[in-house]
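Please take a moment with the chain below before reading on. We will then walk through it together, one region at a time.

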Amino acid sequence: MEQTFNLKQKLKQFSVILIPILVTQLGLFAMNFFDTIMSGQYSTADLAGVAIGSSLWMPVFTGLSGILLAVTPIVAQLIGGKKEMYVKNTVIQGIYLAVIMAVVILIAGLIAVNPILSMMNIDNEVRRVAGLYLAALAAGIIPLFVYNVLRSFIDALGFTRVTMYVTLMSLPLNVIFNYILIFGKLGLPALGGVGAGVASAITYWLICIISIVIVHRNRPFSEYQVFRHKVKADFTKWKEILLIGIPIGFSIFFETSIFSAVTLFMSVYTTEVIAAHQAAINFSSFLYMIPLSISMALTIVVGFEAGAGRLKDARTYGYMGVSIAVLIAATGGILTYIFKDAVAGIYVTDQQVINLTAQFLIFAVLFQLSDAIQAPVQGVLRGYKDVNITLIMTMISYWVIGLPVGYLLANYTEWAYFGYWIGLIAGLTAGAITLTIRMVIIQRNKMKAAPGY
């Protein structure tokens, strides 16, 4: 990370940080992407089972791991403010929190998963696949959370290319493990969708171990001596991480859980509808990695500039990032609409499911633009460490507006299951508008409070 003096330099530095993050996010998501596609090629029931399992897992994972994202703005501002001596403690305390949260998830999952699946109106085979898929994933939860802390540390230093390399190394292995375990190769039994969960857990251990080795041995990370000395628990630092991280985590949870809630509501429909819905959501989530990556890059650059007191530069980065996201989303939406049938055919071979998936993708195009605004804006606000109001805004947008609108349209109009997607669009749009207003207010207030304004 370096100070920049004009728009061209900012665009170059932003691109250097963004592109590896984007490749990393796409790679991490590709694990779930291949889980879904390869399970769908095994059977429709396995696709639906992985869909249900993912719907329960993803909001929990993204929400709680979102708490650990607090490490990024904290470290970025420490670096920007020339306070590097405090970085090591932040990372270590983040790892302690990661392990504790992972253990809590394991205990909660052991108690709650089976009762939740039993309440759902789904086929027994779908229920079986979903439960075993989650049980397999559980084996990789602790290393996955630790990896998230180490990744936040690496990214905050501006070395986003390192985490990109880690992901690119692990992704082919994940696909190979999927192929072997789902379809039963090399003499192993065919596990179907459950095999996808086992493959992901193995991959989570690999990326965690690789990241630990890099942080311990490679410069500049080794200079912080993260793993060289035993460090006691620092509850003051835990409090700092949690005060910033909990609003971030719950904001992410409110957004991701609404998609999961919709999937669970749609369990009353046929297996074909569930499979088509999940395929469309999966592809939309794949595209969402672009604005999400821009959001993460914005947290780094805005946090760096805000920590150094260069508020005009921080504001410029913010508007630049949002503009790039909107432009990419518009292009992606057009291409998705044109090739919707081809996209649907990637996931399944059943023509009825392909037709349904193509229809869902039309609605997916409409909320890509809202995603392209609200995600980067959240990244800007996190860079300023402004997270509490964002939490309230996202909760209202998604759960007070989005889900109720979707439920009413799905159950009391002829839109049926498409009504839930219209509700998603309404919630995302409300979030984009309110968060943008918040960003403008925060930038204006910080500029006014700056010396020499």
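What follows is a tour of the nonpolar cores, a few helices and single residues, the open and closed spaces, and some loops. Keep in mind throughout that this is a predicted model.

Let us begin with the packing of nonpolar side chains. The largest nonpolar core has 71 residues, and Phe14, Tyr347, Phe360 and Trp421 are those with the most contacts inside it. Helices that each supply at least two residues of this core are H1, H9 (235–265), H10 (271–307), H11 (311–338), H12 (340–347), H13 (351–383), H14 (388–412) and H15 (418–449). Among these contributors, H10 gives the most, with 19 residues. To see how one member of the core sits, look at phenylalanine 14. Leaving aside residues up to four places away in sequence, phenylalanine 14 touches Ile294, Ala297, Leu298, Val301, Tyr317, Met320, Gly321 and Ile324. A second core, separate from the one just described, has 68 residues, including Trp57, Ala70, Ile95 and Met101.

Now turn to helix H5, which covers residues 124–138. How far apart are the end C-alpha atoms of H5? They are 21 Å apart, and this agrees with expectation because 15 residues at 1.5 Å a residue should span 21 Å. Buried in H5 are Val126, Arg127, Val129, Ala130, Gly131, Tyr133, Leu134, Ala136 and Leu137. As you scan those positions, it may help to recall that an α-helix has 3.6 residues a turn, so residues three or four places apart point the same way. Against which helices do the buried residues of H5 pack? The partners are H1 (7–42), H2 (44–68), H4 (87–119), H6 (141–156) and H8 (193–217).

Isoleucine 52 gives a view of the H5 surroundings from another helix. This residue is placed in H2. Is isoleucine 52 buried or exposed? With a relative accessible area of 0%, isoleucine 52 is buried, because the cut-off for that class is under 20%. Beyond residues up to four places away in sequence, isoleucine 52 touches Leu117, Met120, Val126, Ala130 and Thr263. Of these contacts, Val126 and Ala130 are among the buried residues of H5. For a sense of distance, isoleucine 52 and leucine 242 are 190 residues apart in sequence, and their C-alpha atoms are 30 Å apart in space.

Another buried position is asparagine 178, in helix H7 (residues 160–183). Asparagine 178 counts as buried because its relative accessibility is 0%. What does asparagine 178 touch, not counting residues up to four places away in sequence? Its contacts are Met31, Phe34, Asp35, Met38, Phe183, Gly195, Ala196 and Ala199.

Next come the spaces between the side chains. The largest pocket holds about 530 Å³ of space. Its lining has 21 residues, and Ile105, Ala108, Gly109, Leu110 and Val113 are the ones that lie nearest the centre. H2, H4 and H5 each supply at least two lining residues, with H4 giving the most, ten residues. In this lining, 18 residues are nonpolar, three are polar and none is charged.

Closed spaces can be searched for too. How many cavities of 30 Å³ or more does a search of the whole structure find? The search finds two. The second largest cavity has about 40 Å³ of space. Its lining consists of Pro247, Ile248, Ser251, Gln378, Leu381, Arg382, Asp386, Val387, Thr390 and Leu391, and H9, H13 and H14 each supply at least two of the lining residues. By class, five residues of this lining are nonpolar, three are polar and two are charged.

We can finish with some residues outside the helices. Lysine 385 is in the loop between H13 and H14. Its phi is near 65°, a positive value in a residue other than glycine, and lysine 385 counts as partly exposed at 30% relative accessibility. Leucine 186, in the loop between H7 and H8, also has a positive phi, near 55°. At 73% relative accessibility, leucine 186 counts as exposed. Lastly, asparagine 6 lies in the segment before H1 and is partly exposed, with a relative accessible area of 36%. The C-alpha atoms of asparagine 6 and threonine 316 are separated by 9.7 Å, with their positions 310 residues apart along the chain.

Technical notes. Residues numbered from 1 in each chain as written. Predicted model: local features only at pLDDT ≥ 70, side-chain atom pairs only at ≥ 80, totals over all residues. Heavy atoms only, no water. Helix = DSSP H or I, 4+ residues; strand = E, 2+ residues; numbered from the N terminus. Expected span 1.5 Å × (residues − 1). Buried < 20%, exposed > 50% of the residue type's maximum accessible area, 1.4 Å probe, protein only. Contact = heavy atoms within 4.5 Å. 1 Å grid on protein atoms, 1.4 Å probe; cavity = no way out; pocket = protein on both sides within 12 Å on 5 of 7 lines; lining within 4 Å. Points joined across faces, edges and corners; volume = space filled by probe spheres on them. Nonpolar A, V, L, I, M, F, W, Y, C, P; charged D, E, K, R; others polar. Core = buried A, V, L, I, M, F, W, Y, C linked by side-chain atoms within 4.5 Å.
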